[in-house]
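Subject: Structure handover

Hi,

Here is the structure I promised to pass on. Please open it alongside this email; my notes follow below.

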Amino acid sequence: MRRYSRITGTGSYLPPRRLTNDDLAADLASRGIETSDAWITERTGIRARHFAAPEVASSDLALEASRAALEAAGVAPQQIDLIIVATSTPDMVFPSTACILQDKLGANGCPAFDVQAVCSGFVYALAVADAMIQAGTASRALVVGSEVFSRILDFDDRTTCVLFGDGAGAVVLQASDTPGILATDLHADGRHVGILCVPGNVSGGRVLGDPLLKMDGQAVFKLAVGVLEKAARATLEKAGRTDADIDLLIPHQANLRIMQSTARKLKLPAEKLFVTVDQHGNTSAASIPLALDAAVRGGRARPGDTLLLEGVGGGFTWGAVLLDL
(Lines give C-alpha, C1' and ligand atoms only; values in the text may rest on other atoms or scores of the structure.)
Protein backbone atom coordinates (compact mmCIF):
# COMPACT_ATOMS: atom_id res chain seq x y z
CA MET A 1 0.00 0.00 0.00
CA ARG A 2 1.32 3.41 -0.95
CA ARG A 3 2.25 5.80 1.85
CA TYR A 4 1.08 9.42 1.73
CA SER A 5 1.30 12.48 3.97
CA ARG A 6 -1.49 14.73 5.23
CA ILE A 7 -1.61 17.98 7.17
CA THR A 8 -3.34 17.25 10.48
CA GLY A 9 -2.77 20.52 12.30
CA THR A 10 -1.86 24.15 11.60
CA GLY A 11 -0.63 26.97 13.81
CA SER A 12 0.72 30.50 13.56
CA TYR A 13 2.06 33.34 15.66
CA LEU A 14 2.51 37.08 15.13
CA PRO A 15 4.53 39.22 17.53
CA PRO A 16 2.38 41.69 19.50
CA ARG A 17 3.82 44.89 18.01
CA ARG A 18 1.63 45.82 15.03
CA LEU A 19 2.57 48.75 12.80
CA THR A 20 0.07 50.23 10.38
CA ASN A 21 1.32 52.07 7.31
CA ASP A 22 0.71 55.33 9.14
CA ASP A 23 2.77 54.12 12.10
CA LEU A 24 5.63 53.12 9.82
CA ALA A 25 5.40 56.37 7.84
CA ALA A 26 5.73 58.34 11.08
CA ASP A 27 8.78 56.32 12.11
CA LEU A 28 10.40 56.82 8.70
CA ALA A 29 9.62 60.55 8.71
CA SER A 30 11.82 60.88 11.79
CA ARG A 31 14.67 59.54 9.59
CA GLY A 32 13.88 61.94 6.76
CA ILE A 33 12.23 59.24 4.62
CA GLU A 34 8.87 60.15 3.09
CA THR A 35 6.11 57.61 2.48
CA SER A 36 2.39 57.28 3.17
CA ASP A 37 -0.39 54.76 3.66
CA ALA A 38 -1.70 55.55 0.17
CA TRP A 39 1.72 55.06 -1.47
CA ILE A 40 2.30 51.69 0.23
CA THR A 41 -1.24 50.35 -0.22
CA GLU A 42 -1.51 51.28 -3.89
CA ARG A 43 1.74 49.52 -4.81
CA THR A 44 1.60 46.48 -2.55
CA GLY A 45 -1.79 45.99 -0.90
CA ILE A 46 -0.07 46.06 2.50
CA ARG A 47 -1.75 47.99 5.31
CA ALA A 48 0.02 46.64 8.41
CA ARG A 49 2.76 44.31 9.60
CA HIS A 50 4.14 42.94 12.88
CA PHE A 51 7.68 43.47 14.21
CA ALA A 52 9.28 41.29 16.88
CA ALA A 53 10.87 42.80 19.98
CA PRO A 54 14.70 43.01 19.89
CA GLU A 55 15.15 40.06 22.25
CA VAL A 56 12.80 37.75 20.28
CA ALA A 57 14.38 35.32 17.81
CA SER A 58 12.98 33.24 14.94
CA SER A 59 12.94 30.16 17.19
CA ASP A 60 10.73 31.99 19.70
CA LEU A 61 8.12 32.78 17.04
CA ALA A 62 8.45 29.23 15.68
CA LEU A 63 7.87 27.80 19.17
CA GLU A 64 4.49 29.50 19.56
CA ALA A 65 3.34 28.53 16.06
CA SER A 66 4.52 24.94 16.59
CA ARG A 67 2.68 24.58 19.88
CA ALA A 68 -0.54 25.71 18.20
CA ALA A 69 -0.06 23.26 15.31
CA LEU A 70 0.75 20.37 17.64
CA GLU A 71 -2.32 21.12 19.75
CA ALA A 72 -4.52 21.23 16.65
CA ALA A 73 -3.14 17.87 15.51
CA GLY A 74 -3.42 16.28 18.95
CA VAL A 75 0.26 15.36 18.82
CA ALA A 76 2.77 15.67 21.67
CA PRO A 77 6.21 17.14 20.89
CA GLN A 78 7.85 13.82 21.78
CA GLN A 79 5.84 12.12 19.00
CA ILE A 80 7.43 14.28 16.29
CA ASP A 81 10.15 12.43 14.36
CA LEU A 82 11.23 15.19 11.95
CA ILE A 83 11.55 18.97 12.31
CA ILE A 84 12.21 21.27 9.34
CA VAL A 85 12.35 25.04 9.73
CA ALA A 86 12.33 27.30 6.69
CA THR A 87 13.99 30.62 7.52
CA SER A 88 16.29 33.28 6.10
CA THR A 89 16.70 34.92 9.51
CA PRO A 90 18.08 32.15 11.76
CA ASP A 91 18.87 32.68 15.43
CA MET A 92 22.59 32.26 14.76
CA VAL A 93 25.06 31.07 12.12
CA PHE A 94 24.80 27.59 13.62
CA PRO A 95 23.33 25.42 14.98
CA SER A 96 20.14 25.44 12.95
CA THR A 97 17.03 27.20 14.18
CA ALA A 98 15.36 23.78 13.91
CA CYS A 99 17.71 22.36 16.56
CA ILE A 100 17.08 25.35 18.83
CA LEU A 101 13.32 24.92 18.33
CA GLN A 102 13.63 21.19 18.99
CA ASP A 103 15.17 21.85 22.39
CA LYS A 104 12.55 24.47 23.31
CA LEU A 105 9.79 22.02 22.38
CA GLY A 106 11.37 19.09 24.24
CA ALA A 107 11.29 16.99 21.07
CA ASN A 108 14.97 16.04 21.19
CA GLY A 109 16.35 13.06 19.27
CA CYS A 110 14.70 13.29 15.84
CA PRO A 111 16.33 14.82 12.74
CA ALA A 112 16.09 18.62 12.72
CA PHE A 113 17.41 20.99 10.08
CA ASP A 114 16.79 24.32 8.35
CA VAL A 115 15.85 24.95 4.72
CA GLN A 116 17.02 28.18 3.08
CA ALA A 117 14.98 29.06 0.01
CA VAL A 118 13.87 32.51 1.22
CA CYS A 119 10.19 33.16 0.45
CA SER A 120 9.81 29.73 -1.20
CA GLY A 121 11.24 28.10 1.91
CA PHE A 122 8.01 26.68 3.33
CA VAL A 123 7.04 25.10 -0.01
CA TYR A 124 10.52 23.55 -0.23
CA ALA A 125 10.34 22.32 3.39
CA LEU A 126 6.88 20.83 2.90
CA ALA A 127 8.03 18.99 -0.23
CA VAL A 128 11.06 17.58 1.59
CA ALA A 129 8.97 16.43 4.56
CA ASP A 130 6.43 14.83 2.21
CA ALA A 131 9.20 12.93 0.41
CA MET A 132 10.68 11.69 3.69
CA ILE A 133 7.30 10.51 4.93
CA GLN A 134 6.57 8.76 1.63
CA ALA A 135 9.99 7.09 1.88
CA GLY A 136 9.20 5.83 5.37
CA THR A 137 11.99 7.74 7.11
CA ALA A 138 9.51 9.86 9.09
CA SER A 139 5.89 9.53 10.21
CA ARG A 140 5.12 12.79 12.00
CA ALA A 141 6.86 15.92 10.78
CA LEU A 142 6.73 19.45 12.12
CA VAL A 143 7.25 21.90 9.24
CA VAL A 144 7.73 25.55 10.17
CA GLY A 145 8.31 28.88 8.43
CA SER A 146 9.62 31.56 10.78
CA GLU A 147 11.13 34.98 10.09
CA VAL A 148 12.29 38.18 11.78
CA PHE A 149 12.83 40.13 8.57
CA SER A 150 12.70 43.43 10.47
CA ARG A 151 16.32 42.68 11.47
CA ILE A 152 17.63 42.82 7.89
CA LEU A 153 15.67 45.79 6.51
CA ASP A 154 17.25 49.01 5.31
CA PHE A 155 15.03 51.69 6.85
CA ASP A 156 16.62 54.28 4.61
CA ASP A 157 15.10 52.52 1.58
CA ARG A 158 11.36 53.08 1.46
CA THR A 159 10.96 50.73 -1.52
CA THR A 160 11.85 47.68 0.61
CA CYS A 161 11.43 48.46 4.30
CA VAL A 162 7.67 48.93 3.97
CA LEU A 163 7.18 45.46 2.49
CA PHE A 164 8.22 43.01 5.19
CA GLY A 165 7.09 41.80 8.59
CA ASP A 166 7.83 39.14 11.20
CA GLY A 167 5.90 35.99 12.10
CA ALA A 168 5.78 32.20 12.06
CA GLY A 169 3.50 29.45 10.80
CA ALA A 170 3.64 25.69 11.25
CA VAL A 171 1.97 22.47 10.20
CA VAL A 172 2.04 18.90 11.44
CA LEU A 173 2.40 16.51 8.51
CA GLN A 174 1.58 12.86 9.21
CA ALA A 175 1.77 9.57 7.33
CA SER A 176 -1.57 8.46 5.90
CA ASP A 177 -3.14 5.75 3.75
CA THR A 178 -5.10 8.40 1.85
CA PRO A 179 -3.56 11.19 -0.25
CA GLY A 180 -3.03 14.60 1.35
CA ILE A 181 -0.18 16.17 -0.53
CA LEU A 182 -0.95 15.35 -4.15
CA ALA A 183 2.04 16.82 -5.99
CA THR A 184 4.93 19.25 -5.62
CA ASP A 185 7.04 21.23 -8.09
CA LEU A 186 10.28 22.98 -7.10
CA HIS A 187 12.71 25.12 -9.10
CA ALA A 188 15.61 27.54 -8.77
CA ASP A 189 17.62 29.73 -11.14
CA GLY A 190 20.84 31.07 -9.66
CA ARG A 191 21.33 33.46 -12.56
CA HIS A 192 18.97 35.83 -10.73
CA VAL A 193 20.80 35.90 -7.38
CA GLY A 194 21.32 39.66 -7.56
CA ILE A 195 17.69 40.78 -7.86
CA LEU A 196 16.81 39.82 -4.27
CA CYS A 197 19.55 39.20 -1.73
CA VAL A 198 21.31 40.19 1.49
CA PRO A 199 24.90 40.47 0.22
CA GLY A 200 26.77 40.18 3.50
CA ASN A 201 28.47 37.49 5.59
CA VAL A 202 30.46 37.03 8.78
CA SER A 203 34.24 36.63 8.61
CA GLY A 204 36.80 37.03 11.35
CA GLY A 205 34.21 38.38 13.73
CA ARG A 206 33.13 41.13 11.36
CA VAL A 207 30.31 41.58 8.87
CA LEU A 208 31.64 41.69 5.32
CA GLY A 209 29.53 43.26 2.61
CA ASP A 210 26.08 44.68 3.23
CA PRO A 211 23.88 42.79 5.76
CA LEU A 212 20.66 44.49 4.65
CA LEU A 213 18.08 43.37 2.09
CA LYS A 214 18.46 44.54 -1.51
CA MET A 215 15.75 44.07 -4.14
CA ASP A 216 15.10 45.02 -7.74
CA GLY A 217 11.32 45.18 -7.40
CA GLN A 218 10.47 45.37 -11.10
CA ALA A 219 12.70 42.42 -11.98
CA VAL A 220 11.22 40.33 -9.17
CA PHE A 221 7.68 41.19 -10.21
CA LYS A 222 8.22 40.23 -13.86
CA LEU A 223 9.90 36.95 -13.01
CA ALA A 224 7.46 36.01 -10.25
CA VAL A 225 4.28 36.28 -12.31
CA GLY A 226 5.58 33.95 -15.02
CA VAL A 227 7.17 31.25 -12.89
CA LEU A 228 4.26 31.01 -10.44
CA GLU A 229 1.81 30.17 -13.22
CA LYS A 230 4.18 27.56 -14.66
CA ALA A 231 4.74 25.92 -11.27
CA ALA A 232 1.01 25.86 -10.58
CA ARG A 233 0.21 24.20 -13.90
CA ALA A 234 3.04 21.69 -13.55
CA THR A 235 1.79 20.69 -10.10
CA LEU A 236 -1.78 20.32 -11.32
CA GLU A 237 -0.61 18.18 -14.23
CA LYS A 238 1.41 15.90 -11.94
CA ALA A 239 -1.67 15.42 -9.75
CA GLY A 240 -4.05 14.88 -12.67
CA ARG A 241 -6.07 17.91 -11.63
CA THR A 242 -7.19 21.12 -13.38
CA ASP A 243 -7.67 24.76 -12.44
CA ALA A 244 -11.31 24.02 -11.69
CA ASP A 245 -10.30 21.60 -8.92
CA ILE A 246 -8.67 24.34 -6.84
CA ASP A 247 -10.90 25.38 -3.93
CA LEU A 248 -8.44 27.91 -2.52
CA LEU A 249 -5.18 29.46 -3.73
CA ILE A 250 -2.82 30.35 -0.86
CA PRO A 251 0.22 32.01 -2.42
CA HIS A 252 3.25 33.59 -0.84
CA GLN A 253 1.98 36.90 0.50
CA ALA A 254 4.40 39.35 -1.11
CA ASN A 255 2.43 41.74 -3.26
CA LEU A 256 -1.30 41.81 -3.91
CA ARG A 257 -0.84 42.55 -7.62
CA ILE A 258 1.37 39.47 -8.11
CA MET A 259 -1.17 37.32 -6.27
CA GLN A 260 -4.13 38.64 -8.25
CA SER A 261 -2.25 38.19 -11.53
CA THR A 262 -1.56 34.54 -10.73
CA ALA A 263 -5.19 33.93 -9.80
CA ARG A 264 -6.36 35.45 -13.08
CA LYS A 265 -3.96 33.28 -15.09
CA LEU A 266 -5.44 30.23 -13.34
CA LYS A 267 -8.95 31.53 -14.08
CA LEU A 268 -9.79 31.61 -10.37
CA PRO A 269 -12.45 34.01 -9.06
CA ALA A 270 -11.44 36.52 -6.41
CA GLU A 271 -13.10 34.52 -3.64
CA LYS A 272 -10.70 31.62 -4.26
CA LEU A 273 -7.62 33.77 -3.57
CA PHE A 274 -6.74 33.90 0.12
CA VAL A 275 -5.10 37.17 1.16
CA THR A 276 -3.33 38.12 4.39
CA VAL A 277 -0.63 40.40 2.95
CA ASP A 278 -2.76 43.41 3.87
CA GLN A 279 -2.37 42.64 7.59
CA HIS A 280 0.92 40.71 7.75
CA GLY A 281 3.08 42.23 5.02
CA ASN A 282 5.62 39.91 3.41
CA THR A 283 6.80 37.48 6.09
CA SER A 284 8.94 35.48 3.64
CA ALA A 285 9.02 31.75 4.52
CA ALA A 286 6.36 32.31 7.20
CA SER A 287 3.78 33.84 4.86
CA ILE A 288 2.24 30.66 3.43
CA PRO A 289 1.84 28.77 6.72
CA LEU A 290 0.56 31.95 8.41
CA ALA A 291 -2.06 32.33 5.68
CA LEU A 292 -2.88 28.62 5.73
CA ASP A 293 -3.56 28.69 9.47
CA ALA A 294 -5.70 31.82 9.08
CA ALA A 295 -7.70 30.11 6.32
CA VAL A 296 -8.21 26.95 8.38
CA ARG A 297 -9.16 28.70 11.61
CA GLY A 298 -11.33 31.20 9.75
CA GLY A 299 -13.30 28.47 7.96
CA ARG A 300 -12.09 29.42 4.47
CA ALA A 301 -10.20 26.12 4.12
CA ARG A 302 -12.18 23.08 5.20
CA PRO A 303 -11.52 19.32 5.32
CA GLY A 304 -11.78 17.91 1.81
CA ASP A 305 -10.82 21.16 0.08
CA THR A 306 -8.08 21.17 -2.54
CA LEU A 307 -5.51 23.87 -1.84
CA LEU A 308 -2.72 25.21 -4.02
CA LEU A 309 0.23 26.68 -2.12
CA GLU A 310 2.93 28.48 -4.08
CA GLY A 311 5.90 30.69 -3.39
CA VAL A 312 8.68 32.59 -5.08
CA GLY A 313 11.77 34.11 -3.51
CA GLY A 314 15.42 35.04 -3.64
CA GLY A 315 17.77 32.58 -5.20
CA PHE A 316 15.80 32.81 -7.46
CA THR A 317 13.56 30.01 -6.11
CA TRP A 318 9.95 29.05 -6.73
CA GLY A 319 7.59 26.14 -6.30
CA ALA A 320 4.10 24.88 -5.58
CA VAL A 321 2.32 22.21 -3.53
CA LEU A 322 -1.15 20.86 -4.30
CA LEU A 323 -2.93 19.14 -1.42
CA ASP A 324 -6.23 17.86 -0.17
CA LEU A 325 -6.93 19.12 3.33
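Start with Asp 189. Its relative accessibility is 15%, so Asp 189 counts as buried. Its partner is Arg 191, and their side chains form a salt bridge at 2.6 Å, N to O. Arg 191 sits on the other side of the scale: at 72% relative accessibility, Arg 191 is exposed. Keep in mind throughout that this is a predicted model.

**Salt bridges**

The pair above is a salt bridge, and the count for the structure comes to 14 salt bridges. As background, side chains of opposite charge can pair when their charged atoms come close.

Two more are worth a look. Take Arg 233 and Asp 243, whose side chains meet at 3.0 Å, N to O. This pair links distant parts of the chain, 10 residues apart. Arg 233 belongs to helix H7, residues 217-239. Asp 243 is in the loop between H7 and strand E13 (248-251). Burial differs too. Arg 233 is partly exposed, with a relative accessible area of 30%. Asp 243 has 15% and is buried.

Next, Asp 324 and Arg 241. Their side chains form a salt bridge at 3.1 Å, N to O. Asp 324 is in strand E15 (residues 317-324) and Arg 241 is in the loop between H7 and E13, so this salt bridge ties together parts 83 residues apart in sequence. Asp 324 is buried, at 16% relative accessibility. Arg 241 is partly exposed, at 25% relative accessible area.

There is also a network. Glu 229, Arg 233, Asp 243 and Lys 265 are joined into one by salt bridges that share partners.

**Thr 89**

Where does Thr 89 lie? Thr 89 is in the loop between strand E4 (82-86) and helix H4 (97-105). Thr 89 is buried, with a relative accessible area of 5%, because buried means under 20%. Its side chain makes a polar contact with the side chain of Glu 147, at 2.7 Å. Setting aside neighbours within four places in sequence, Thr 89 touches Ser 58, Ser 146, Glu 147, Val 148, Phe 149 and Ile 152.

**Leu 309**

Leu 309 is part of strand E14, residues 306-313. Is Leu 309 buried or exposed? Its relative accessibility is 0%, so Leu 309 counts as buried. Beyond neighbours within four places in sequence, its contacts include Phe 122, Val 123 and Leu 126. Ile 250 and Ile 288 are also among them. So are Gly 319, Ala 320, Val 321 and Leu 323. Leu 248 is 61 residues away along the chain, and its C-alpha atom is 8.8 Å from that of Leu 309.

**The cavity**

Rolling a probe the size of a water molecule over the atoms shows where empty space is left. How many cavities of 30 Å³ or more does a search of the whole structure find? The search finds 1. The largest cavity holds about 40 Å³ of space.

Its lining is as follows:

- Residues: Leu 228, Pro 251, His 252, Ala 254, Ile 258, Met 259, Thr 262 and Val 312.
- Classes: 6 nonpolar, 2 polar and no charged residues.
- Top contributor: helix H8 (residues 256-265) gives the most, with 3 residues.

That covers my notes.

Best wishes

Conventions: Residues are numbered from 1 along each chain as its sequence is written. This is a predicted model: local features need pLDDT of at least 70, side-chain atom pairs count only at pLDDT 80 or more; totals for chains, interfaces and linings use all residues. Side-chain values use heavy atoms; hydrogens and water are left out. On a 1 Å grid over the protein atoms alone, a cavity is a set of points where a 1.4 Å probe fits but cannot get out, and a pocket is an open set with protein on both sides within 12 Å along at least five of seven lines; lining residues have an atom within 4 Å of a point. Grid points are joined across faces, edges and corners, and a volume is the space filled by probe spheres set on the points. Helices (H or I, at least four residues) and strands (E, at least two) are DSSP runs, numbered from the N terminus. Ala, Val, Leu, Ile, Met, Phe, Trp, Tyr, Cys and Pro count as nonpolar, Asp, Glu, Lys and Arg as charged, and the others, Gly among them, as polar. Buried means under 20% relative accessible area, exposed over 50%, partly exposed in between (1.4 Å probe, protein chains only). A polar contact is a pair of N or O atoms within 3.5 Å; within protein, one must be able to donate a hydrogen and the other to accept it, and residues adjacent in sequence count only if both atoms are side-chain atoms. Contact means heavy atoms within 4.5 Å. A salt bridge is a side-chain nitrogen of Lys or Arg within 4 Å of a carboxyl oxygen of Asp or Glu.
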